Amino acid sequence: MAGETKKLHPAFAVTNIKTLIPILLDIKQDKYSSWVFLFELHLQAHNLVFLIDGSATPTDLDAATIKKLDALCRQWMFSSMAKDLMLTVLKSGKTAKEIWDHLKKLFQDNKGSRAATLESKFVNLKFTDCNGVDDYCDKLKSFSDRLSDLDFPMNDKCLVIQLVNGLTEEYNTVASFIQQSMPSFDSSRSQLRTEEIRRSQQTLNPTPTALAAAASPVQRQNQRKHRPSNSKRGPRPPSSGNVNWTQSPAAQPPLLPTPSMHHTAHQTPGYSRQPNYHPHWSPYWPVPPCPYPTTPAWQPRPPQQH
């Protein structure tokens, strides 16, 4: 029928495969399992899994369309590979399935020796070799997945035990709880992340007790020297010696009459005209002496006895 147009397959609308498969496959890095998972997921979304697993082709596709889709699948493979690996498998096969099988052979050859190396790295991994809880757990999970790809699966309990064995002494409390309850790997990771957040908050906001304990003896001594005095405290009484009454007006002596010199001749030698006043100073006489004679001059004198 004239004017009839053929429907285009949705796989031809993909313009950049790197946005859908961000992992770059490299023979020097063990990312084959992750790359396989993402690539198979992309093929399943477009009903193209038959191109790599040898299953039956859909009946609604003709031979020309299948050939074009096979070429498109090979382009996706080459776009998500490193240059050295691409040159290795460039002419290894004429179909997508042949290239797929070649890649599987390259990355899964010598399973025994590869598994032994990965298991050694898995057991010797420590928390101090990582940048945090997330990095530590990611590396453990990556080793476990790669061992599973080599037909050496690692169950969840073994993964949790190795997770606890590689922790430092700072996480002894949460490690003991994980060993007793034996939760899943994801739950253990969540508990460690919570403990890491709590410790980071304590480091950023230390308590006053921790600050006082961390202060050096010299710092504590300087703090005592510069500590402000209590303004409500009154003046301290003098311990001994002369008192400087010019320092505080309230500490000046009471206004009492000062005896003249001829009335103080009987005092001990070394008497000064300016006595040393005391806050509780009292006069020498209960009543100040009168400077005038109390007996009249005209009073007759008593007779003298011969």
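In this predicted model, a search of the whole structure finds six aromatic pairs. One of them joins Tyr32 and Phe107, whose rings are stacked, with 4.9 Å from centre to centre and 10 degrees between the planes. Tyr32 belongs to helix 1 (residues 32–45) and Phe107 to helix 5 (residues 96–108), so this pair ties together parts that are 75 residues apart in sequence. Tyr32 and Phe107 are both buried. A further aromatic pair, that of Phe127 and Tyr136, is edge-to-face: the centres are 5.6 Å apart and the planes stand at 85 degrees to each other. Burial applies to both members here too, Phe127 and Tyr136.

Aromatic residues also occur in a group of three, since Trp35, Phe39 and Trp100 form one aromatic cluster. A ring may also face a charge, as with Tyr171: the charged end of Arg199 sits over the ring of Tyr171, at 6.0 Å from the ring centre.

The protein chain as a whole contains 12 helices and zero strands. Along the sequence, its pattern therefore reads α-α-α-α-α-α-α-α-α-α-α-α. Of the 306 residues in the protein chain, 26% are buried. Among contacts in the protein chain with a separation of 6 or more, 57% are between residues 24 or more positions apart. The exposed area of the protein chain is about 22700 Å², and carbon and sulfur atoms supply 54% of this area.

The search for disulfides, again over the whole structure, finds zero. Cys130 is accordingly in no disulfide; the nearest cysteine sulfur belongs to Cys137 and is 8.7 Å away. That distance does not meet the limit for a disulfide, because the two sulfur atoms would have to lie within 2.5 Å. Cys130 has a relative accessibility of 11% and so counts as buried. Cys73 has a relative accessibility of 0%, and it too counts as buried.

Ser80 is found in the loop between helix 3 (63–79) and helix 4 (83–89). Although placed in a loop, Ser80 is buried, with a relative accessible area of 2%. A polar atom of the Ser80 side chain lies 3.2 Å from the backbone oxygen of Met77. When neighbours within four places in sequence are left aside, the residues in contact with Ser80 are Ile21, Ile23, Leu24, Leu25, Trp35 and Phe39. Of these, Trp35 and Phe39 are also members of the aromatic cluster that includes Trp100.

Two loop residues other than glycine have a positive phi, namely Asn47 and Met182. For Asn47, phi is near 60 degrees. Asn47 is placed in the loop between helix 1 and helix 2 (50–53). With a relative accessibility of 58%, Asn47 counts as exposed, because the threshold for that class is over 50%. For Met182, phi is about 50 degrees. The loop that holds Met182 runs between helix 9 (172–181) and helix 10 (185–204). At a relative accessibility of 33%, Met182 counts as partly exposed.

Definitions and conventions
Residues numbered from 1 in each chain as written. Predicted model: local features only at pLDDT ≥ 70, side-chain atom pairs only at ≥ 80, totals over all residues. Heavy atoms only, no water. Phe/Tyr/Trp six-rings, centres within 6.5 Å; stacked < 30°, edge-to-face > 60°. Helix = DSSP H or I, 4+ residues; strand = E, 2+ residues; numbered from the N terminus. Buried < 20%, exposed > 50% of the residue type's maximum accessible area, 1.4 Å probe, protein only. Lys NZ or Arg CZ within 6 Å of the ring centre and 35° of its normal. Contact = heavy atoms within 4.5 Å. Areas by Shrake-Rupley, 256 points an atom, 1.4 Å probe, with all protein chains shown as cover. Polar contact = N/O pair within 3.5 Å; in protein donor to acceptor, adjacent residues only side chain to side chain.
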